[in-house]
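User: I have just opened this one and would like to be walked through it. Could you take my questions as they come?

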Amino acid sequence: MKGLSVVGLGKLGACFAACFAYKGIPTLGLDINVDFVDAINSGKSPVVEPGLQDLIDSCESRLKATQDYEQVLTESEITFLVVPTPSSQSGHFSDKYLQDSLKHLSEALKKAGKEYHLFVITSTVSPGSSEDNLIPLIESVSGKKLNRDFGVCYSPEFIALGSVISDFLNPDLILIGESDQRAGDRLEAVYKACCENAPYMARMSLISAEIMKISLNSYVTMKISFANTLANICEAVPGANIDDITKALGADKRISPHYLQGALGYGGPCFPRDNNAFLAFAAKYGVDAMLAKSTDSVNEFQTNHLLHQVGEHISNSNNNVVSILGLAYKPNTPEIEESAAKKLIEELIKRDLEVIVYDPLAMDNTRNHFGEDILYASSVRNCLSNSSLCIITTPDKEFKSIDDSYIIQNPTIIIDCWRILEPSRFSERVRYFGIGIPSGGKS
Ligand SMILES: NC(=O)c1ccc[n+]([C@@H]2O[C@H](COP(=O)([O-])OP(=O)(O)OC[C@H]3O[C@@H](n4cnc5c(N)ncnc54)[C@H](O)[C@@H]3O)[C@@H](O)[C@H]2O)c1
């Protein structure tokens with residue numbers, strides 16, 4: 001296979017480029033951030049993602065980076081675009097950065113004298129973007145014709161930060177929206193060369209793929225909000241246990257166990273934005289997506305629900321220091337965007353409470369956001385020992401080791417949102433609470 005190129009070497013793009021090169025395909029990355037280009041060229045990972053540095057180490061000279069769009073066009077036959085698509089106030093995704101990069105690529109295409117080039121949009125876009133904005137832009141700047149001189153696919157990945165590489169190499173499905181069959185065939189061949197499993201290849205029109213992408217995440221968020229509502233009900237019902245119920249529900253093929261845990265609301269760079277984009281897209285066509293709206297309200301409620309619980313515990317104790325373990329929106333990532341902990345800390349600060357925090361990966365991002373407003377612990381033990389009220393907001397494996405030896409303050413209240421601890425490991429100094437189980441421990 002001739003070379004591939006990846007424009008945008010951020011959290012996703014750097015991983016994709018490294019995966020292609022790891023699979024033996026010469027890959028050229030491009031980013032407007034020169035530090036990311038330099039990092040790739042000196043064999044360093046530009047972003048934090050488990051397994052990425054190992055992959056880059058194995059790529060040898062197959063992985064390079066540049067800031068030269070003409071080099072991208074001449075050295076590759078397919079270009080993946082993985083640049084940011086921030087959400088606007090209305091919920092739609094902006095394709096400004098896609099347009100910026102496609103303008104440069106189209107100018108290079110005009111000069112390149114190539115027979116054919118394939119552009120693959122991987123960034124999340126609002127339905128309609130490819131045909132309404134991006135393809136007309138490529139045609140007008142390059143003077144070339146769609147499906148004769150170039151093809152376009154929309155192929156977003158269904159990955160999660162923290163497991164980007166394994167998700168990319170072993171996907172459940174590959175989504176390919178295609179401008180024509182040739183474009184789809186070429187992209188499918190790339191995935192067949194890279195995937196370590198045999199995923200379902202979902203090929204369709206560009207617009208169908210654009211709708212499918214946001215529908216999937218909107219559906220998953222609905223499932224999370226359902227499980228969270230169920231957890232809140234279980235908390236109030238003596239003898240009920242959320243884990244027993246969701247385990248059984250998930251065993252039914254129509255439901256599946258994934259994202260059905262009952263804990264905190266969803267966050268991160270995708271779920272909240274994709275659900276809102278689904279709402280905005282429906283509204284554009286005169287449809288009120290009521291389920292998506294409720295999903296969003298339930299998600300907001302879930303943080304307030306936790307805050308209410310914290311408030312009750314604070315008012316019943318004379319300690320006003322709250323410790324928080326878990327700052328990212330999920331384990332194995334430094335990303336704190338829309339994380340439950342971030343929202344919680346903001347509210348606790350407003351209430352003049354002192355907050356001490358710890359996370360294995362997200363300390364720098366948290367420090368950049370909150371500065372001197374909160375205290376930063378050096379370890380799980382250090383965080384827990386400084387407060388008599390601890391909230392565990394992510395099911396990080398590092399927190400699972402907490403046992404009675406970590407407990408200094410008597411009593412210590414632990415709110416274990418994901419129920420990762422075994423309450424029987426604690427002495428009576430600990431008052432254990434979990435979301436979805438009646439007060440005082442496992443039912
Ligand atoms: N992060 C996720 O979990 C995730 C999951 C699914 C989809 N997505 C989508 O993937 C896309 C990329 O997300 P990300 O998290 O990798 O973003 P990111 O911000 O981590 O990385 C984007 C990179 O693109 C570069 N860039 C910006 N404008 C550019 C341009 N004109 N030319 C070249 N490079 C440019 C930036 O410098 C940055 O390095 C977004 O559309 C996002 O919605 C992200």
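User: Which salt bridge do the side chains of glutamate 347 and lysine 350 form, and what is the N to O distance?
Analyst: This is a predicted model, and in it the side chains of glutamate 347 and lysine 350 meet in a salt bridge with an N to O distance of 3.0 Å. Both belong to helix H13 (residues 340–350), where they are 3 residues apart and therefore separated by about one helical turn.

User: Are those two buried or exposed?
Analyst: Glutamate 347 is partly exposed, with a relative accessible area of 24%, whereas lysine 350 is exposed, with a relative accessible area of 60%.

User: Which residues are joined by salt bridges into one network?
Analyst: Glu178, Asp185, Glu188, Lys192 and Arg203 are joined into one network by salt bridges that share partners.

User: And how many salt bridges are found in the whole structure?
Analyst: A search of the whole structure finds 19 salt bridges. One of them pairs glutamate 70 with lysine 111, and the closest N and O atoms of that pair are 2.8 Å apart.

User: Where do glutamate 70 and lysine 111 lie?
Analyst: Glutamate 70 lies in helix H4 (residues 69–75) and lysine 111 in helix H5 (residues 96–112), so the pair ties together parts that are 41 residues apart in sequence. Glutamate 70 is partly exposed at a relative accessible area of 38%, while lysine 111 counts as exposed at 60% relative accessibility.

User: What about aspartate 243 and arginine 419, how do their side chains meet?
Analyst: Their side chains meet in a salt bridge, at 2.8 Å from N to O. This pair links distant parts of the chain, 176 residues apart, with aspartate 243 in helix H10 (residues 242–250) and arginine 419 in the loop between strand E13 (412–416) and strand E14 (430–434).

User: Is arginine 419 buried or exposed?
Analyst: Arginine 419 is buried, with a relative accessible area of 6%, whereas its partner aspartate 243 is partly exposed, with a relative accessible area of 24%.

User: What else is in that loop between E13 and E14?
Analyst: Serine 424 has its place in the loop between E13 and E14, and at 60% relative accessibility serine 424 counts as exposed. From serine 424 to aspartate 296 the separation is 128 residues in sequence and 35 Å in space, taken C-alpha to C-alpha.

User: Changing topic, how is the protein chain divided into domains?
Analyst: The chain is divided into domain 1 (4–198) and domain 2 (295–434). The centres of domain 1 and domain 2, taken over C-alpha atoms, are separated by 38 Å, and the contact takes 6 residues from domain 1 and 7 residues from domain 2.

User: How much area do domain 1 and domain 2 bury between them?
Analyst: Between them they bury about 480 Å², with 59% of it on carbon and sulfur atoms. On the side of domain 1, Val48, Leu161 and Gly162 supply 72% of the area buried against domain 2, which is more than any other three residues.

User: How many salt bridges does the rule find across that interface?
Analyst: Across the interface of domain 1 and domain 2 the rule finds 1 salt bridge.

User: Now helices. How far does H8 reach?
Analyst: Helix H8 (residues 181–194) has 14 residues and reaches 20 Å from its first C-alpha to its last, close to the 20 Å expected at 1.5 Å a residue.

User: Which residues of H8 are buried?
Analyst: Ala183, Gly184, Leu187, Glu188, Val190, Tyr191 and Cys194 are buried in H8. Seen down the axis of H8, these buried residues fall within an arc of 155°, so they line one face of the helix. The face turned away from the buried side of H8 carries the exposed residues Gln181 and Lys192.

User: One last residue, leucine 55: what does it touch?
Analyst: Not counting residues up to four places away in sequence, leucine 55 touches Ala18, Cys19, Tyr22 and Ile165. Leucine 55 has its place in helix H3 (residues 52–57), and it is buried, with a relative accessible area of 8%. Leucine 55 and proline 360 are 305 residues apart in sequence, and 22 Å lie between them in space, C-alpha to C-alpha.

Conventions:
Residues numbered from 1 in each chain as written. Predicted model: local features only at pLDDT ≥ 70, side-chain atom pairs only at ≥ 80, totals over all residues. Heavy atoms only, no water. Helix = DSSP H or I, 4+ residues; strand = E, 2+ residues; numbered from the N terminus. Expected span 1.5 Å × (residues − 1). Buried < 20%, exposed > 50% of the residue type's maximum accessible area, 1.4 Å probe, protein only. Arc of directions from axis to C-beta. Domains from an automatic or database assignment. Contact = heavy atoms within 4.5 Å. Buried area = accessible area lost by both parts, 1.4 Å probe. Salt bridge = Lys/Arg side-chain N within 4 Å of Asp/Glu carboxyl O.
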